[in-house]
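Open the model in your viewer and keep the sequence panel beside it. The stops below say what to select and what to look for.

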Amino acid sequence: MISWIFSRFWLKITSLVLAVVLWMFVQGKETLEVDTKAHLSLLASPGLTTRGASVITRDITIRGSRSSVEHFQNKMIRGTYVLPKNTGPHRFRIERRYLDEKWDPQVSVQIHEPYISVNIEEMISKTLPVKVIIQGSPKDGYLVEKIEARPSNVTISGAASYIQSLDHIATQPIYVDNIASDITQEVLLNIPSHVRTMFSENKTFVSVRVGLEKINQLFSMIPIEVQESSLLSRPIPETVSVILQSNSLVLESIETDQLRAFIQAGELLPGHYELDVQVQIPQGTTLIETIPAKVSVTLWEDKELP
């Protein structure tokens, strides 16, 4: 057996080498077809841009010998097309010379849907307010009191016809379901794909202030004082009612004698007047209504009868 293996040894080795070379030659000549994608960047002149996307993606089919084509499998093909320097509609055909590859002359490249239509426009910039998007509701008995974004404005640039149609830039949603305290989050801005930001990043910090839910409460029989007058006076009616707004904890702590209602009569002469009622209210409350808002006031000297 051993003598058979080593007999004509070099002849057998030569035959094996020739077989391998022949196999590689046949494989190299075998035709291979690869389907992949081409990403073509549209390059505009300074001050110009396109209304739509700046990168066009198309399916392509590459055919050729295995040795020339197989390295394109799972490879992203990129390219660049320089747009004209004038504004207006433009139509062109994607050709393989726009793709960033050194193509073998024997390789064929088929670009599916090769014709592209773009509208070239002037590029402008615009500063817009940030609109915070809130989703959900705080815990029962609580409400959102204030929403603040920092920065509160963002400057964007893009095609004139599109930028002019925008009046704000929205954030991604902030969820406030069942919260009972303030929150601060870094939130991404929803910047359209064919618009870019200037002088800032595409995010903002949003603070949401949460407080107890506000309710209204009526306080009655508050005496009216006449201030800054040496004359005798009689307001009719002599008391007023007020409606205050605040959270339940604040309103429950207020007594009627903490509220003061008054009218200013400093420079008035004796006589009959209809004057506005002013009310001094506790901190943390809002005056909703004074009932009545005006009262009749009679002023007289101490020696006179009213």
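Start with the open sheet: four strands in the order E4-E1-E3-E6, with mixed pairing. Strands here are DSSP runs (E, at least two residues), numbered from the N terminus. Two strands count as paired if DSSP finds at least two bridges between them. Select 77-82 and 108-111 for the edges: strands E4 and E6 each have a single partner strand, so one side of each is left without a neighbour in the sheet. Neighbouring strands in this sheet are turned by 35° against each other on average, direction ignored. The axes behind that angle are lines fitted to C-alpha atoms.

Two notes before moving on. This is a predicted model, where local features need pLDDT of at least 70 and side-chain atom pairs count only at pLDDT 80 or more, while totals for chains, interfaces and linings use all residues. Residues are numbered from 1 along each chain as its sequence is written, and side-chain values use heavy atoms, with hydrogens and water left out.

**The E3-E6 pairing**

Select residues 55-65. This is strand E3, joined to E6 by four bridges, and the two run antiparallel. Find arginine 63; serine 108 in E6 stands opposite.

**The cores**

Which residues have the most contacts inside the largest nonpolar core? Select Leu40, Leu42, Ile62, Tyr81, Phe92 and Trp103; the core they belong to has 25 residues. A nonpolar core is a set of buried Ala, Val, Leu, Ile, Met, Phe, Trp, Tyr and Cys residues joined through side-chain atoms within 4.5 Å. Buried means under 20% relative accessible area, exposed over 50%, and partly exposed in between, with a 1.4 Å probe and protein chains only. Strands E1 (31-43), E3, E4, E6 and E7 are the elements that give two or more residues to this core. E1 gives the most, with five.

Now centre on leucine 40. Beyond residues up to four places away in sequence, leucine 40 touches Ser54, Val55, Ile56, Gly79, Thr80, Tyr81, Phe92, Ile94 and Tyr98. Contact means heavy atoms within 4.5 Å. Then switch to a second, separate core of 20 residues, with Val130, Ala149, Tyr162 and Leu189 among them.

**Two buried residues**

Select leucine 128 in strand E7 (residues 115-131). Is leucine 128 buried or exposed? Its relative accessibility is 2%, so leucine 128 counts as buried. Measure across to isoleucine 156: the C-alpha atoms are 7.8 Å apart, with the two positions 28 residues apart in sequence numbering. Leaving out residues up to four places away in sequence, leucine 128 touches Ser152, Asn153, Val154, Ile156, Leu166, Asp167, His168 and Ile169.

Go next to serine 157, in strand E10 (residues 153-159). Serine 157 is buried too, at 3% relative accessibility. Its contacts outside four places in sequence are Met123, Ile124, Ser125, Ile163, Val195, Arg196 and Met198.

**Backbone stops**

Select arginine 150 and proline 151. A cis peptide bond joins them, with omega about 0°. Proline 151 sits in the loop between strand E9 (142-150) and E10. Jump to isoleucine 236 and proline 237 for another cis bond, with omega near 0°. Proline 237 is in the loop between strand E17 (232-236) and strand E18 (239-247).

Now check phi. Methionine 221, in strand E16 (residues 214-227), is not a glycine but has a positive phi of about 60°. Methionine 221 is exposed, at 60% relative accessible area. Glutamate 228 is in the loop between E16 and E17, and its phi is also positive, near 60°. Glutamate 228 counts as exposed, at 60% relative accessibility.

**Salt bridges**

A salt bridge here is a side-chain nitrogen of Lys or Arg within 4 Å of a carboxyl oxygen of Asp or Glu. By this rule there are 10.

- Arginine 66 and glutamate 70: 3.9 Å, N to O. Arginine 66 is partly exposed at 24%, and glutamate 70 is partly exposed at 38%.
- Glutamate 145 and arginine 209: the closest N and O atoms are 3.5 Å apart. Glutamate 145 lies in E9 and arginine 209 in strand E15 (residues 203-212), so the pair ties together parts 64 residues apart in sequence.
- Lysine 203 and glutamate 186: 3.3 Å, N to O. The pair links E15 to strand E13 (residues 183-188), 17 residues apart.

Finish by selecting Glu145, Arg209 and Lys214, which salt bridges with shared partners join into one network.

Note on methods:
Axes are lines fitted to C-alpha atoms, for helices over the stretch in contact, and angles run from 0 to 180 degrees between N-to-C directions.
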